[in-house]
Amino acid sequence: MQPAWLTEQVFSEKIQPALAQVSATTIAKQIGVSRWYAGRIREGYRPHPRHWEALANVLGVMPGTLDNSRI
């Protein structure tokens, strides 16, 4: 179950683009996947929704930060 604020739109518009700036190693460690798979995520591959909240945490994205210009 995802938090109500973590919609497909939020992931696509706020989280996914920002992941390009995060290292594959960081992504891999945060969600417990291979660096190869994490590299695909950095390139725009959409991971399973079970990983979305952890990836949002890597970026510091929370409900109150969605309007933050750095995201």
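## What covers helix α4

In this predicted model, the cover over the buried residues of α4 includes three helices, namely α1 (8-18), α2 (24-31) and α3 (35-42). Helix α4 itself spans residues 52-59, and its buried residues are Trp52, Ala54, Leu55, Ala56 and Leu59. After α4 comes glycine 60, which has a positive phi, near 75°.

Valine 61 belongs to the segment after α4. Because its relative accessible area is 0%, against a limit of under 20% for the buried class, valine 61 counts as buried. Although valine 61 and lysine 14 are 47 residues apart along the chain, their C-alpha atoms are separated by 8.4 Å.

## Packing of α1 against α4

The axes of α1 and α4 lie 10 Å apart, and the two helices pack at an angle of about 45°. The two helices are therefore oblique to each other, and their crossing is left-handed. On the α1 side the contact is made by Glu8, Phe11, Ile15 and Ala18, and on the α4 side by Trp52, Leu55, Ala56 and Leu59. By class, the residues of this contact of α1 with α4 divide into seven nonpolar, no polar and one charged.

Among the α4 residues in this contact, Trp52, Leu55, Ala56 and Leu59 also appear in the list of buried residues of that helix.

## Packing of α2 against α4

Helix α2 packs on α4 at an angle of about 130°, with an axis separation of 9 Å. That angle makes α2 oblique to α4, and the crossing of this pair is right-handed. Here Thr26, Ile27, Gln30 and Ile31 in α2 meet Ala54, Leu55, Asn57 and Val58 in α4. The residues of the contact of α2 with α4 divide into five nonpolar, three polar and no charged.

Leu55 of α4 takes part both in the contact with α1 and in the contact with α2, and Leu55 is listed among the buried residues of α4.

## Helix α3 and its crossing with α2

The buried residues of α3 are Tyr37, Ala38, Gly39 and Ile41, and what covers them includes α1, α2 and α4. After α3 comes glycine 44, whose phi is positive, near 115°.

The axes of α2 and α3 come within 8 Å of each other and cross at roughly 110°. That makes α2 roughly perpendicular to α3, because angles of 65 to 115 degrees are placed in that class. The crossing in which α2 passes α3 is right-handed. Ala24, Thr25, Ile27, Ala28 and Ile31 in α2 meet Arg35, Ala38, Gly39, Ile41 and Arg42 in α3, and by class this contact of α2 with α3 has six nonpolar, two polar and two charged residues. Of the α3 residues in this contact, Ala38, Gly39 and Ile41 are among those listed as buried, while Ile27 and Ile31 of α2 are found both in this contact with α3 and in the contact with α4.

## The salt bridge and serine 12

A search of the whole structure finds one salt bridge. It joins the side chains of arginine 46 and glutamate 8, at 2.9 Å from N to O. The pair links distant parts of the chain, with arginine 46 in the loop between α3 and α4 and glutamate 8 in helix α1, 38 residues apart. Side chains of opposite charge can pair when their charged atoms come close. Arginine 46 counts as partly exposed, because its relative accessibility is 35%. Glutamate 8 also takes part in the contact of α1 with α4.

Arginine 46 is also touched by serine 12, whose contacts, not counting residues up to four places away in sequence, are Pro17 and Arg46. Serine 12 lies in helix α1 and, at 28% relative accessibility, counts as partly exposed. Serine 12 and asparagine 57, which are 45 residues apart in sequence, are 15 Å apart in space, C-alpha to C-alpha.

## Histidine 51 in the loop between α3 and α4

Is histidine 51, which sits in the loop between α3 and α4, buried or exposed? Histidine 51 is buried, because its relative accessible area of 10% falls under the 20% limit for that class. Not counting residues up to four places away in sequence, histidine 51 touches Ile31 and Val33. Ile31 belongs to α2 and takes part in the contact of that helix with α4.

How values were computed
Residues numbered from 1 in each chain as written. Predicted model: local features only at pLDDT ≥ 70, side-chain atom pairs only at ≥ 80, totals over all residues. Heavy atoms only, no water. Buried < 20%, exposed > 50% of the residue type's maximum accessible area, 1.4 Å probe, protein only. Helix = DSSP H or I, 4+ residues; strand = E, 2+ residues; numbered from the N terminus. Contact = heavy atoms within 4.5 Å. Salt bridge = Lys/Arg side-chain N within 4 Å of Asp/Glu carboxyl O. Axes fitted to C-alpha atoms, helices over the stretch in contact; angles between N-to-C directions. Parallel < 35°, antiparallel > 145°, perpendicular 65-115°, else oblique. Left-handed = near helix turned anticlockwise from the far one by under 90°. Nonpolar A, V, L, I, M, F, W, Y, C, P; charged D, E, K, R; others polar.
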